[in-house]
Amino acid sequence: MTDWGARAAGILAKLAELSQPGPGVTRLPFTPEHRAAIDLLRSWTEAAGLTVTLDDAGTLVARLEGPAGAGTFLMGSHQDSVCQGGAYDGIMGVVLPLLALEKLKSEGAKLPFAVEVLAFADEEGVRFPTALVGSRALASSYDPQVLDMHDAKGMTLRAAMTDFGLNPDAIGALARDPGEVIGFLETHIEQGPVLEQENEPVGIVSAICGIERHQITIIGQTGHAGTLPMEGRRDALVTAAAIVTELNRVATSTPNLRATVGELTVEPNVVNAVPRAIRLRAELRSPCDDTRKAAGDGLHRLARQLAQEHGVQIDCTRTYSQAAQPCSPELLKGLREAVSQSSGRCVTLPSGATHDASAMADLCPIAMLFVRSRDGISHKPEEFTTPQDMSTAITVLARFLKIVHPHQTVGSNK
């Protein structure tokens, strides 16, 4: 009998070698490493009997044909990595569905619909200041203006794609007909500790969290650290500290809310001067849009209050907002049944990270399967998922495909 987890581990090890030099895996879109990954996946999937194409957004599409006139179920994830990342984030969600199709073939199973496994080119947004071009192209939400964005070496996305042998001007034509797509399932390492804490190999994602970001500028007054009395100081960093502390308190006491201040600059940033200006960025995430928005509104109220109390000027602007994407109840039902048959207890949890599935939700119903990651590590060379857990995930995916009804979920995820 085939050891599917060991096969997955072997394939992922070969893909991990297709990386820029250095620790871990660095595989950016539209690079020689990306091309090598495509070539490896193509040779393997064609040998398994699938039809393989590369679309003009750089997405590798491996198709298992179904009955004439049947819809198509989509699966997959992304092939790219962060710099010095791990061997599992993204690419595992390409390999495991392909092995699930191999498993079904070995069992003689016939599906009443076609299946496509997608390896998207750029989900991480590391090389260019944009992401999800491949999934947005399929979902008709692609913005052609991103083609003019530059990487760190000054190359535009358009030029990089053209040099890769693609036609960026044809990306708009990749949009799929929602009436022909049954749904989309993304498999991904959890990137967190929940499944490990619950001692479960896989989990079901309830929703992909919504995100909003706020740019906050605080202007106070500087002065000599030794001569300016404490009373009456207008220390911009003290005000910033109050914002960070309150955000942490609110998120800690509010279910399903996460708040982070991950970027902060100080002026003049010297040890013997009172900070005059602070610029910071706050990010809020929640699977519940009302919870996220309430926290954002509270942040703006706090800024107005602190400006008055501390005698400083504060500009607080919401610069980015992305709605939460709930997973399809029908697809979740099928996943729960497949997980129950394969590993027992169903752990359900939200995804705090954004995935290609969040863009695909504009096209069709979505679902996500998380696979346990050791110590919750992600985006690091130490990233690891056991062959045993991957074997369980492959079994879940194969059983899920036999449960999905070819007509019950066709149409928008909205």
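**Figure 1. Pro268 sits in the loop between strand S8 (258-267) and strand S9 (277-286).** The model shown here and in the other views is predicted. Look at the link between Glu267 and Pro268: this peptide bond is cis, with omega at about 5°. That makes it worth a close-up, because most peptide bonds are trans. Glu267 is also where strand S8 (258-267) ends.

**Figure 2. Asn256 and Gln191 both have a positive phi without being glycine.** Start with Asn256, which lies in the loop between helix H7 (236-253) and S8. The phi of Asn256 is about 60°. Now move to Gln191, in the loop between strand S5 (181-189) and helix H6 (194-198). Here phi is near 65°. Why give these angles a view of their own? Because most residues other than glycine have a negative phi. As for how open its spot is, Gln191 counts as partly exposed because its relative accessibility is 24%.

**Figure 3. Ala137 is tucked away in helix H4 (residues 133-138).** With a relative accessible area of just 3%, Ala137 falls under the 20% cut-off, so it counts as buried. Which residues does Ala137 touch, once neighbours within four places in sequence are set aside? They are Tyr142, Ile171, Leu174 and Ala175. For a sense of scale, find Leu118 as well: it is 19 residues from Ala137 along the chain, and their C-alpha atoms are 13 Å apart.

**Figure 4. Arg176 meets residues from several parts of the chain.** You'll find Arg176 in the loop between helix H5 (157-163) and S5. Leaving out neighbours within four places in sequence, Arg176 is in contact with Val61, Leu74, Glu116, Leu138, Val181 and Leu363. Cys364 is another residue to pick out in this view: 188 residues separate it from Arg176 in sequence, but the two C-alpha atoms are 9.7 Å apart in space. Is Arg176 buried, exposed or partly exposed? At 24% relative accessibility, Arg176 counts as partly exposed.

**Figure 5. Cys209 and Cys288 are too far apart to bond.** A disulfide is a covalent bond between the sulfur atoms of two cysteines. For Cys209, the closest cysteine sulfur belongs to Cys288, and it is 10 Å away, so no bond can form between them. In fact, the structure holds zero disulfides. Cys209 is buried, with a relative accessible area of 5%. Cys83 makes a handy contrast: it counts as partly exposed, at 46% relative accessibility.

**Figure 6. Stepping back, the protein has 11 helices and 13 strands.** Use this view to place the close-ups. The C-alpha trace spans about 80 × 45 × 40 Å along its principal axes. A compact globule of 414 residues would have a radius of gyration near 22 Å, so the 24 Å found for this protein agrees with that. Of the 414 residues, 52% are buried. Among contacts between residues at least 6 apart in sequence, 78% join residues at least 24 apart. On the outside, the accessible surface comes to about 17700 Å², and carbon and sulfur atoms account for 50% of it. There are 37 positive and 48 negative side chains, with the centres of the two sets 2 Å apart.

Terms used:
Residues are numbered from 1 along each chain as its sequence is written. This is a predicted model: local features need pLDDT of at least 70, side-chain atom pairs count only at pLDDT 80 or more; totals for chains, interfaces and linings use all residues. Side-chain values use heavy atoms; hydrogens and water are left out. Helices (H or I, at least four residues) and strands (E, at least two) are DSSP runs, numbered from the N terminus. The radius of gyration is taken over C-alpha atoms; the globule rule is 2.2 Å times the number of residues to the power 0.38. Buried means under 20% relative accessible area, exposed over 50%, partly exposed in between (1.4 Å probe, protein chains only). Contact means heavy atoms within 4.5 Å. Accessible areas come from the Shrake-Rupley method with a 1.4 Å probe; for residues, only the protein chains shown count as cover. Lys and Arg count as positive and Asp and Glu as negative; His and the chain ends are not counted. The place of a charge is taken as NZ of Lys, CZ of Arg, CG of Asp or CD of Glu. A disulfide is a pair of cysteine sulfur atoms within 2.5 Å.
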